[in-house]
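Work through the exercises below with the sequence and the model open. Each task is followed by a solution in steps.

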Amino acid sequence: MDRASREARADEMFPRKGYHGTNEDISGFQGSVFTSDNPTLASTYARGMSDAQVYPLRIGSKLGDAIVEGKGANWNQLNISDVKDPEVASWLDWAEGQKISTREIEQAASREGRSGVQFKDINDIGSGFNSGQFKNLGYTPAEEEALRLQYLQELSKPSNVDVRLSPNLVRSEFARFDPEFRNLRNLSASILGAIGFTGIAAGLREKEEGM
């Protein structure tokens, strides 16, 4: 299949993109799948450097998504009123007057039978945050400092975080997107691609040089 046909099929079947950070070699997911539209943020969900990876993914939806307007809040400081899906919000009545988390909204969306949740403009940095990761990669001290500052800047901005409630709604960016394999949870029926921490550094450097 030529590239244009593959991309057209990807846009039809799995129209949105996201990034998933991990220390695992993944051929397929089980359970819910969290992604971010910010690869730098996704990288904070992997620890260390030797086996840290960020997977570029495609995201689909069959049964509709719940939308949550975070307005820059932390992942565990959301309000019921932020959930713009009345049916999903009704499962959260027990938390009236309290702050709720992305996980609690995820569970409510699952009970209501949604495909997933789109969290708009939230802060959700993982435990793999590491502003010192650019050392010993061959950069000059000035370049290291510039990358560190760019890294911090990328993480200071709220991002869009997505959770798919079924692994068959996620594919590798490099999958074949053959309709015959629409219901498989395997990421590819493809060659799976990943961005390591050095790839994140290269991306940040390109942004800095383009400024």
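**Exercise 1. Helix 4 and its cover**

Task: State what covers the buried residues of helix 4, and which residues of helix 4 are buried.

Solution. The cover of the buried residues of helix 4 includes strand 2 (33-36), strand 4 (65-74), helix 3 (86-90), strand 5 (116-123) and strand 6 (159-164). Helices (H or I, at least four residues) and strands (E, at least two) are DSSP runs, numbered from the N terminus. This is a predicted model, in which local features need pLDDT of at least 70 and side-chain atom pairs count only at pLDDT 80 or more, while totals for chains, interfaces and linings use all residues. Residues are numbered from 1 along each chain as its sequence is written, and side-chain values use heavy atoms, with hydrogens and water left out.

Next, list the buried positions. Buried means under 20% relative accessible area, exposed over 50%, and partly exposed in between (1.4 Å probe, protein chains only). In helix 4, which spans residues 102-112, these are Thr102, Ile105, Glu106, Ala108 and Ala109. Viewed down the axis of helix 4, the buried residues fall within an arc of 165°, so they line one face of the helix. The arc is taken over the directions from the helix axis to the C-beta atoms. The general background is that an α-helix has 3.6 residues a turn, so residues three or four places apart point the same way.

Last, look past the end of the helix. Gly113 follows helix 4, and its phi is positive, near 85°.

**Exercise 2. Strand 2**

Task: Which residues lie on each side of strand 2, and are they buried or exposed?

Solution. Val33 and Thr35 are on one side and Phe34 and Ser36 on the other. All four are buried, and both faces of strand 2 are thus covered. In a regular strand the side chains alternate between the two faces of the sheet.

For the pairing, strand 2 and strand 6 run antiparallel and are joined by four bridges. Two strands pair if DSSP finds at least two bridges between them. Phe34 stands opposite Val163 in strand 6.

**Exercise 3. The largest pocket**

Task: Give the volume of the largest pocket and describe its lining.

Solution. The volume is about 340 Å³. On a 1 Å grid over the protein atoms alone, a pocket is an open set of points with protein on both sides within 12 Å along at least five of seven lines, whereas a cavity is a set of points where a 1.4 Å probe fits but cannot get out; lining residues have an atom within 4 Å of a point. Grid points are joined across faces, edges and corners, and a volume is the space filled by probe spheres set on the points.

Of the 16 lining residues, Phe34, Thr35, Tyr45, Arg103 and Asp124 are the closest to the centre of the pocket. Strand 1 (16-22), strand 2, helix 2 (39-43) and helix 4 each give two or more residues to the lining. The largest share, four residues, comes from strand 2. By class, the lining has eight nonpolar, six polar and two charged residues. Here Ala, Val, Leu, Ile, Met, Phe, Trp, Tyr, Cys and Pro count as nonpolar, Asp, Glu, Lys and Arg as charged, and the others, Gly among them, as polar.

**Exercise 4. The second largest cavity**

Task: How many cavities of 30 Å³ or more does the structure hold, and what lines the second largest?

Solution. There are two such cavities. The second largest holds about 30 Å³ of space. Its lining includes Asn38, Leu41, Ile122, Asn123, Asp124 and Pro158. Strand 5 and helix 5 (141-156) are the elements that give two or more residues to this lining. The lining divides into five nonpolar, three polar and three charged residues.

**Exercise 5. Gly70 and Asp121**

Task: Place Gly70 and Asp121 in their elements and give the accessibility of each.

Solution. Gly70 is in strand 4 and is buried, with a relative accessible area of 5%. Apart from neighbours within four places in sequence, Gly70 is in contact (heavy atoms within 4.5 Å) with Leu78, Lys120, Asp121 and Ile122.

Asp121 is in strand 5 and is partly exposed, at 38% relative accessibility. Its phi is near 55°, a positive value in a residue other than glycine. Most residues other than glycine have a negative phi.
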